[in-house]
Amino acid sequence: MRLRRPGLPAEGRSLVAQHLAHWPLLDEDEQQRLLQITDELLSRKRWEAARGFALDDTVRVVIAAQAALLVLGLSTDHYRLVSGIVVHPSTLQTSGVRAGPSPGTVTADRMSVLGLAQDGRGPVVVAWDQALAGAHRTEPGHNVVLHEFAHKLDMLDGAIDGTPLLPRDMRAEWITVCTDVYDDLVSGRPRPPMRWYGATNPGEFFAVATEVFFEQPRELAALEPELYGVLTRFYRQDPAAREP
Ligand SMILES: [Zn+2]
């Protein structure tokens, strides 16, 4: 027998409405679907607090609802590599050995991180203060939950390379469009609203592009229509059309 973990709590809907700035932009069907995916993530994934922190319904629901927004046009099956979610109270310091900045390297430097997505079937780790700020859209274009869960989507094909699992007929266009913007960023040519952090490597490019797609969709659609277009087709969502 497998114990079912608690899903969406009774006050789940009002917690989402209170904290998720995207909520009033969604139509009724999308809101229902968001709550359903949130419930699945709460009941099917392992939720853990880092030492010295405790998870309450607000923490779990606000993080799960943002992860649900990302796959609103896809399915929770896209999160099959997410074994669990580990929540720290605030920005965390890491010092363990981990993958380095270039493929095949490792580093043990201390660094501050807002969140991270562990390889393979590892968990997503996020800082609660950052996740809450992201839910309320306090810093334009930034959302740590969307960023880390986007890395998990990227990993589905076995490599964090900025190319998630795509329909075969989309792959060539995706690579052409993303490489054009990425190469400019790498050579120091600004491509707003993309942030420079997207030039770190193709994996970070996809994660940052995802944040911008959901959080500054009108700017992205206006300034980078081709990038906006491939992201719309992949995520099966049109966030710019939802914005007031
Ligand atoms: Zn990242």
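Reader: Why is Arg236 called exposed?
Author: This is a predicted model, and Arg236 has a relative accessible area of 62% in it. Exposed means over 50%. Arg236 is therefore exposed.

Reader: Where is Arg236 placed?
Author: Arg236 sits in the loop between α9 (225–235) and α10 (239–242). Its phi is near 55°, a positive value in a residue other than glycine.

Reader: Arg137 has a phi near 55° too. Why does Arg137 count as partly exposed?
Author: Its relative accessibility is 22%. Buried means under 20%, exposed means over 50%, and partly exposed is in between. The value for Arg137 falls in between, so Arg137 counts as partly exposed. Arg137 lies in the loop between α4 (128–135) and α5 (144–155).

Reader: How do you know that Glu219 is partly exposed?
Author: The cut-offs are 20% and 50%. Glu219 has 38% relative accessibility, so it counts as partly exposed. Glu219 belongs to helix α8 (residues 217–223).

Reader: How far apart are the C-alpha atoms of Glu219 and Pro192?
Author: They are separated by 8.2 Å, while the two residues are 27 residues apart along the chain. Pro192 is also joined to Pro193 by a cis peptide bond, with omega about 5°. Pro193 is in the loop between α6 (171–186) and α7 (202–215).

Reader: What makes an atom a donor of the zinc ion?
Author: For zinc, a donor is an N, O or S atom within 2.8 Å of the metal. The protein donors here are His147 (NE2), His151 (NE2), Glu204 (OE) and Glu204 (OE), lying 2.1 to 2.6 Å from the zinc ion. These distances are within the cut-off, so the atoms count as donors. The donor residues are spaced H-x3-H-x52-E in sequence.

Reader: Why is the arrangement around the zinc ion called irregular?
Author: The four donor atoms subtend angles of 54 to 144°. Four donors count as tetrahedral if all angles lie between 85 and 135 degrees. Square planar needs opposite donors over 155 degrees apart. The angles of 54 to 144° meet neither rule, so the arrangement is irregular.

Reader: Why are His147 and His151 separated by about one helical turn?
Author: They are four residues apart in helix α5. An α-helix has 3.6 residues a turn, so residues three or four places apart point the same way. Both His147 and His151 are buried.

Reader: What makes α5 largely enclosed by the rest of the structure?
Author: The count does: 12 of its 12 residues are buried, so the helix is largely enclosed. Among them are Leu146, Phe149 and Met155.

Reader: How do you know that the span of α5 agrees with what is expected?
Author: At 1.5 Å a residue, its 12 residues should span 16 Å. The end C-alpha atoms are 17 Å apart, which agrees.

Reader: Why is Asn143 said to cap the N-terminal end of α5?
Author: A side-chain oxygen of Asn143 lies 3.0 Å from the backbone nitrogen of Val145. A polar contact needs N or O atoms within 3.5 Å. The distance of 3.0 Å meets that cut-off, so the contact counts.

Reader: What caps the N-terminal end of α3?
Author: Asp56 does, through a side-chain oxygen 3.1 Å from the backbone nitrogen of Thr58.

Reader: Why is α3 called mostly covered?
Author: 12 of its 14 residues are buried. Buried means under 20% relative accessible area. Val59, Ile63 and Leu70 are among the buried ones.

Key: Residues are numbered from 1 along each chain as its sequence is written. This is a predicted model: local features need pLDDT of at least 70, side-chain atom pairs count only at pLDDT 80 or more; totals for chains, interfaces and linings use all residues. Side-chain values use heavy atoms; hydrogens and water are left out. Helices (H or I, at least four residues) and strands (E, at least two) are DSSP runs, numbered from the N terminus. Buried means under 20% relative accessible area, exposed over 50%, partly exposed in between (1.4 Å probe, protein chains only). Donors are N, O and S atoms within 2.8 Å of the metal (3.2 Å for Na, K and Ca); water is not among the atoms, so sites may look incomplete. Four donors count as tetrahedral if all angles lie between 85 and 135 degrees; four count as square planar and six as octahedral if opposite donors are over 155 degrees apart and all others between 65 and 115; anything else is irregular. A polar contact is a pair of N or O atoms within 3.5 Å; within protein, one must be able to donate a hydrogen and the other to accept it, and residues adjacent in sequence count only if both atoms are side-chain atoms. The expected span of a helix is 1.5 Å times one less than its number of residues.
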